[in-house]
Amino acid sequence: MKRNVNARNAPPRAGAMLESLRGLGYTTAAALADIVDNSISAGATEVVVNFTWNGTSSYVAVLDNGRGMDDAELESAMRLGDRSPLVKRDQTDLGRFGMGLKTASFSQCRRLTVASVKNGATSCLRWDLDALAVYPDDGWLLFEGPSPGSETLLAPISRVQSGTLVLWETLDRIVTNGYVANDFNDLIDRVESHFAMVFHRLIQGPHARLKILLNGKQVMPWDPFMMGNAAKTWNSPIARNTMESGIVEVECHVLPHRDKLSPAEFDSGGGPEGWTAQQGIYIYRNERLLVAGGWLGLGQGRAWNREESYRLARIRLDIPNTADAEWKIDIRKSTARPPVSIRIWLTRLAEDTRERARKVFAYRGSPTPVLGCGSVEPAWRLERTRTGMKYKIDEKHPVVSAVLDGAEGLLPMVKAMLRVVEETVPVQRIWLDTVENKETPLTGFSGEPPEKVVTVLNTIYADMIGRRGMSSSNAKKMLAVTEPFQNYPGLIASLPDDEPATAGQ
């Protein structure tokens with residue numbers, strides 16, 4: 001195209017532009033994840049991240065064993081926007097905008113130094129915002145070598161035959177007024193949690209593609225889908241949708257109810273932000289997590305929010321690295337929006353998963369009844385009327401029906417008592433406590449020692465095979481599908497085959 005003679009060359013002022021780029025909103029963990037992305041794209045199998053506390057002279061260094069860069073490649077990597085996001089990338093490339101190394105680093109520090117080894121030669125270049133402020137009219141000054149006095153901080157680069165070291169100094173966005181060593185240690189913990197989640201598919205399993213060491217400690221994966229847990233409730237077959245940019249894969253998961261997990265499993269399953277916040281869709285590109293939960297604006301009529309009753313629903317969604325524009329991936333790789341062409345398909349899959357998760361949440365897991373005995377008998381049922389809905393005690397429940405059958409002259413009093421219980425269920429208080437405490441109140445003998453359960457079982461079992469004349473095998477089968485005993489098959493199996501002593505005898 002012929003140049004317009006009326007056009008002007010208006011390059012941005014270097015210092016002002018770089019200071020503006022500092023406000024993109026990276027957290028320290030997200031910024032470091034961007035640096036690790038570059039290491040992965042360079043073929044690294046190990047990344048070593050070290051935080052060193054020294055007050056305002058504290059620094060962070062990231063060393064990888066990737067391919068490394070020669071001087072020309074390093075200069076290209078340090079230049080802002082060197083590659084257009086429209087340029088086709090390698091299939092395994094985790095970058096897109098050609099800005100991540102710089103913008104992520106500037107969001108945390110004022111001095112960025114990168115040293116790289118390739119073919120036996122070491123190159124080193126540095127951005128220094130304070131130095132640029134001294135020479136505001138000298139343009140985009142990219143300094144050669146480390147800052148005077150920082151040479152020893154680059155010593156670890158000599159440990160690798162090829163690779164790259166990224167050094168952050170002058171951590172003005174991290175080490176602020178009043179910041180102490182304990183704050184620095186807390187930050188390291190948050191970075192570890194973020195790495196464990198974002199890179200979990202790359203660092204997990206016997207054939208992990210990547211090893212990350214954080215201050216000498218290996219980062220262990222956090223799997224949002226609890227794939228190895230025996231109590232896992234449900235996961236769908238992989239669904240695929242072919243788009244212009246490539247194939248999208250979706251796998252839906254419903255996690256186990258708290259009752260099915262040990263305290264340690266439950267704490268771990270909640271992830272960095274907790275069970276309610278971690279529900280929703282997890283978007284991956286090349287197995288690197290971009291978006292951790294949320295419902296991406298999906299929903300019928302109005303967008304779904306993160307609600308307590310759907311906290312067990314998590315969906316894995318994989319997109320190719322050619323789909324960034326379609327999915328509106330931002331420069332921080334933290335937000336995405338489904339293309340219009342697949343929103344209906346994705347909404348349908350999410351609706352099904354949410355409904356399954358709600359049922360597990362509401363019915364406290366998925367009990368497994370004894371084969372051939374039918375479904376579990378609930379103690380409560382929902383009754384819908386024109387004026388609203390009510391929870392009623394189910395008189396067909398084996399225990400309730402046994403009490404009613406044997407009440408005789410006390411039957412009116414027993415029915416009156418049941419009615420009072422029905423009319424005073426503290427629904428609002430239960431809901432409020434659930435929302436405030438981020439967990440449901442304990443039921444189903446949760447937390448009770450086995451002897452407390454056995455005491456109740458013995459009483460009911462004695463009535464079944466004594467007054468009601470059931471065989472011990474039939475009584476055990478009925479108990480196996482009766483709420484809340486269905487979760488205690490071992491205790492039911494241990495009941496004697498003859499009539500047990502009732503409580504108090």
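Modeller: A crossing is right-handed if the near helix is turned clockwise from the far one by less than a right angle, and left-handed if it is turned anticlockwise. The structure discussed here is a predicted model.

Biologist: Is the crossing of α2 and α6 left-handed or right-handed?

Modeller: Helix α2 spans residues 28–41, and its axis comes within 9 Å of the axis of α6, with a crossing angle of roughly 50°. Because that angle is neither under 35 degrees nor between 65 and 115, α2 is oblique to α6. The crossing of the two helices is right-handed.

Biologist: Which residues of α6 make the contact with α2?

Modeller: Two helices take part, so each supplies its own list of residues. From α2 come T28, A29, A30, L32, A33 and V36. From α6 come L187, R190, V191, H194 and F195.

Biologist: How many residues in the contact of α2 with α6 are nonpolar?

Modeller: Ala, Val, Leu and Phe are among the residue types that count as nonpolar, whereas Arg counts as charged. The contact of α2 with α6 holds 2 polar residues and 1 charged residue. The number of nonpolar residues there is 8.

Biologist: What is the order of the strands in the sheet of 8 strands?

Modeller: The sheet is open, and its strands show mixed pairing. The edge strands, each pairing on one side only, are β5 (143–144) and β8 (217–218). Reading across from one edge to the other, the order is β5-β4-β3-β6-β2-β1-β7-β8.

Biologist: How many bridges join strand β1 to strand β7?

Modeller: Strand β1 covers residues 46–52 and strand β7 covers residues 211–214, and the two run parallel. E46 stands opposite K211 in β7, and V49 has L214 as its bridge partner in β7. The number of bridges between β1 and β7 is 4.

Biologist: Which strands does helix α6 touch when it packs on the sheet?

Modeller: Helix α6 runs over residues 181–198. Its direction makes about 160° with that of β1, and an angle over 145 counts as roughly antiparallel. The strands that helix α6 touches are β1, β2, β7 and β8.

Biologist: Which residue takes a positive phi in the hairpin of β7 and β8?

Modeller: β7 and β8 pair in the antiparallel sense over 2 bridges, and L213 stands opposite Q218 in β8. Their hairpin has 2 residues between the strands. The phi in question is near 50°, and it belongs to N215.

Biologist: What is the bridge partner of L382 in β16?

Modeller: Strand β15 (residues 380–385) is joined to strand β16 (residues 388–393) by 6 bridges, and the two run antiparallel. A hairpin of 2 residues links them. Within this pair, the partner of L382 is Y391.

Biologist: At roughly what angle do the axes of α11 and α12 cross?

Modeller: Helix α11 covers residues 398–406 and helix α12 covers residues 411–423; their axes come within 8 Å. V400, V403 and L404 of α11 meet L411, V414, K415 and L418 of α12. That contact has 6 nonpolar residues, no polar residues and 1 charged residue. The axes cross at roughly 145°.

Biologist: Is V117 buried or exposed?

Modeller: V117 sits in strand β3, residues 111–118. Leaving aside residues within four places in sequence, its contacts include R67, M69, I157, Q161 and S162. V117 and Q161 are 44 residues apart in sequence, with C-alpha atoms 6.9 Å apart. Since its relative accessible area is 7%, below the 20% cut-off, V117 is buried.

Biologist: How far apart in space are S162 and D64, C-alpha to C-alpha?

Modeller: S162 is found in the loop between β5 and β6, and with 25% relative accessibility it counts as partly exposed. Not counting residues up to four places away in sequence, S162 touches D64, N65, G66, R67 and V117. S162 and D64 are 98 residues apart in sequence, but in space their C-alpha distance is 8.5 Å.

Biologist: What is the relative accessible area of N241?

Modeller: N241 lies in strand β10, residues 239–243. Apart from its neighbours within four places in sequence, N241 is in contact with G246, I247, V248, I342 and W345. Buried means under 20%, and N241 counts as buried because its relative accessible area is 18%.

Conventions:
Residues are numbered from 1 along each chain as its sequence is written. This is a predicted model: local features need pLDDT of at least 70, side-chain atom pairs count only at pLDDT 80 or more; totals for chains, interfaces and linings use all residues. Side-chain values use heavy atoms; hydrogens and water are left out. Two strands pair if DSSP finds at least two bridges between them. Contact means heavy atoms within 4.5 Å. Axes are lines fitted to C-alpha atoms, for helices over the stretch in contact, and angles run from 0 to 180 degrees between N-to-C directions. Buried means under 20% relative accessible area, exposed over 50%, partly exposed in between (1.4 Å probe, protein chains only).
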